[in-house]
Amino acid sequence: MAKHSVQRRKKQKQHHFSFGNAVVLVVCFVCVSLGLYLWQAAFSIGQTKPTVDDDDFRPTIGEPPYRVVIDAGHGGSDPGARGVVQESEITAATAQALSDWLTRDPNFIPLTTRESYDVTVKPAERAAAANAQEPDLLLSIHGNSAPEGSGASGFECYPAVPGRTYHQESYYFAKKLAGAMQAAEASLRGRGGIRYIYYQGDVKQLVESNHKEVREERSFTILEDVNCPAVLAEQCFVTSEADVAQFGSEDGCKRTARAYYVAICAYFETTPLPEE
């Protein structure tokens with residue numbers, strides 16, 4: 001009887017010992033896993049998730065027809081910059097010529113941010129009008145200006161700034177625009193014709209496109225408020241006779257519209273209609 005009792009106690013002790021070891025191992029495993037997790041989290045503080053470099057990025061596009069908003073800057077009681085020509089005149093002429101190209105191309109549905117170029121519509125209202133139409137892309141058309149006596153000329157465009165939802169798509173489109181304008185013999189300002197704009201109060205700050213830091217300041221309202229990739233293009237200086245002759249005259253606006261159309265086709269990987 002005593003012998004059997006000793007054997008039972010030994011078995012119970014062995015069973016208790018094995019269960020205790022298992023508990024300890026589980027606790028150790030949990031502690032080690034938690035420690036590794038906390039170490040990794042601490043190491044990752046301040047780091048951002050890796051993203052595709054802007055120069056390697058390619059947008060994801062669906063099936064046509066693509067909904068493209070053409071935003072003619074200024075208009076109505078807002079003439080924009082004045083020089084050899086009035087800015088609102090060249091934006092309206094270019095927008096209409098671009099709309100004609102997109103209308104003829106079955107791959108696109110051209111949209112606008114206003115009922116008429118003679119109507120005064122604020123940028124926030126134009127962005128809201130664009131969003132209501134569920135666009136795939138937006139191009140805001142403008143003309144540049146410089147103080148009297150300045151020889152400033154050339155093309156530049158402004159995509160949605162770094163940190164915004166559609167920054168990379170917008171930058172990709174900006175490269176297509178700058179390339180098409182360069183092919184049309186426009187000179188490019190800044191780094192390849194692409195720059196960023198930020199507003200610090202009422203002061204506008206121009207930043208070259210190699211500055212990729214994310215900033216809190218807002219850019220152009222039409223770029224900030226629209227829910228799609230967007231670029232604002234300054235097609236020429238209305239204060240430059242040579243610039244206006246090339247890209248701001250009646251023929252110049254048509255030449256610019258063709259370049260914009262080619263850039264839009266390049267963005268969506270479609271073949272442009274041949275020139276007439």
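**View 1. His142 in strand 3.** His142 is a residue of strand 3 in this predicted model. The relative accessible area of His142 is 9%; because residues under 20% count as buried, His142 is classed as buried. The side chain of His142 makes a polar contact of 3.1 Å with the side chain of Ser140. Beyond its neighbours within four places in sequence, His142 is in contact with Gly73, His74, Glu87, Thr91 and Arg126. The list of its contacts also includes Leu232, Ala233, Glu234 and Gln235. Of the elements seen around this strand, helix 2 spans residues 87–104 and strand 7 spans 230–237.

**View 2. Strand 3 and its two partner strands.** Strand 3 covers residues 137–144 and runs parallel to strand 1, residues 66–72, with five bridges between them. Within this pairing, Ile70 has Leu139 of strand 3 as its bridge partner. Strand 3 also pairs with strand 7, again in the parallel sense, over six bridges. Here Asn144 stands opposite Phe237 of strand 7. In a regular strand, side chains point alternately to one face of the sheet and the other.

**View 3. The five-stranded sheet.** The sheet is open, its five strands are arranged in the order 2-1-3-7-4, and the pairing is mixed. Strand 2 (108–112) and strand 4 (156–159) each have a single partner strand, so one side of each has no neighbour in the sheet. From one strand to the next, the twist averages 25°.

**View 4. Strand 7 and the edge strand 4.** Strand 7 is mostly covered, with eight of its eight residues buried. Strand 4 and strand 7 run antiparallel and are joined by four bridges. One of the pairs in view is Glu156, whose bridge partner in strand 7 is Glu234. Glu234 is also among the residues in contact with His142.

**View 5. Helices packed on the sheet.** Helix 2 lies across strand 1, strand 2, strand 3 and strand 7, and runs at about 145° to strand 3. Helix 4, residues 167–183, packs on the sheet as well and touches strand 3, strand 4 and strand 7. The direction of helix 4 makes about 25° with that of strand 7.

**View 6. Helix 4 and its surroundings.** Helix 4 has 17 residues and reaches 24 Å from its first C-alpha to its last, close to the 24 Å expected at 1.5 Å a residue. The helix is mostly covered, with 12 of its 17 residues buried. Among the buried residues are His167, Tyr171, Tyr172, Phe173, Leu177 and Met181. Polar side chains also appear in this group, including Gln168, Glu169 and Ser170. The buried residues of helix 4 pack against strand 3, strand 4, strand 5 (195–200) and strand 7. They also pack against helix 6 (241–247) and helix 7 (250–268). Glu185 follows helix 4 and has a positive phi, near 80°.

**View 7. The whole chain, for orientation.** The chain contains seven helices and seven strands, which follow one another along the sequence as α-β-α-β-α-β-β-α-β-β-α-β-α-α. Of its 276 residues, 42% count as buried. Considering contacts between residues at least 6 apart in sequence, 73% join residues at least 24 apart. The exposed area of the chain is about 15,500 Å², of which carbon and sulfur atoms supply 54%.

Notes
Residues numbered from 1 in each chain as written. Predicted model: local features only at pLDDT ≥ 70, side-chain atom pairs only at ≥ 80, totals over all residues. Heavy atoms only, no water. Pairing = 2+ DSSP bridges. Axes fitted to C-alpha atoms, helices over the stretch in contact; angles between N-to-C directions. Contact = heavy atoms within 4.5 Å. Buried < 20%, exposed > 50% of the residue type's maximum accessible area, 1.4 Å probe, protein only. Polar contact = N/O pair within 3.5 Å; in protein donor to acceptor, adjacent residues only side chain to side chain. Expected span 1.5 Å × (residues − 1). Areas by Shrake-Rupley, 256 points an atom, 1.4 Å probe, with all protein chains shown as cover.
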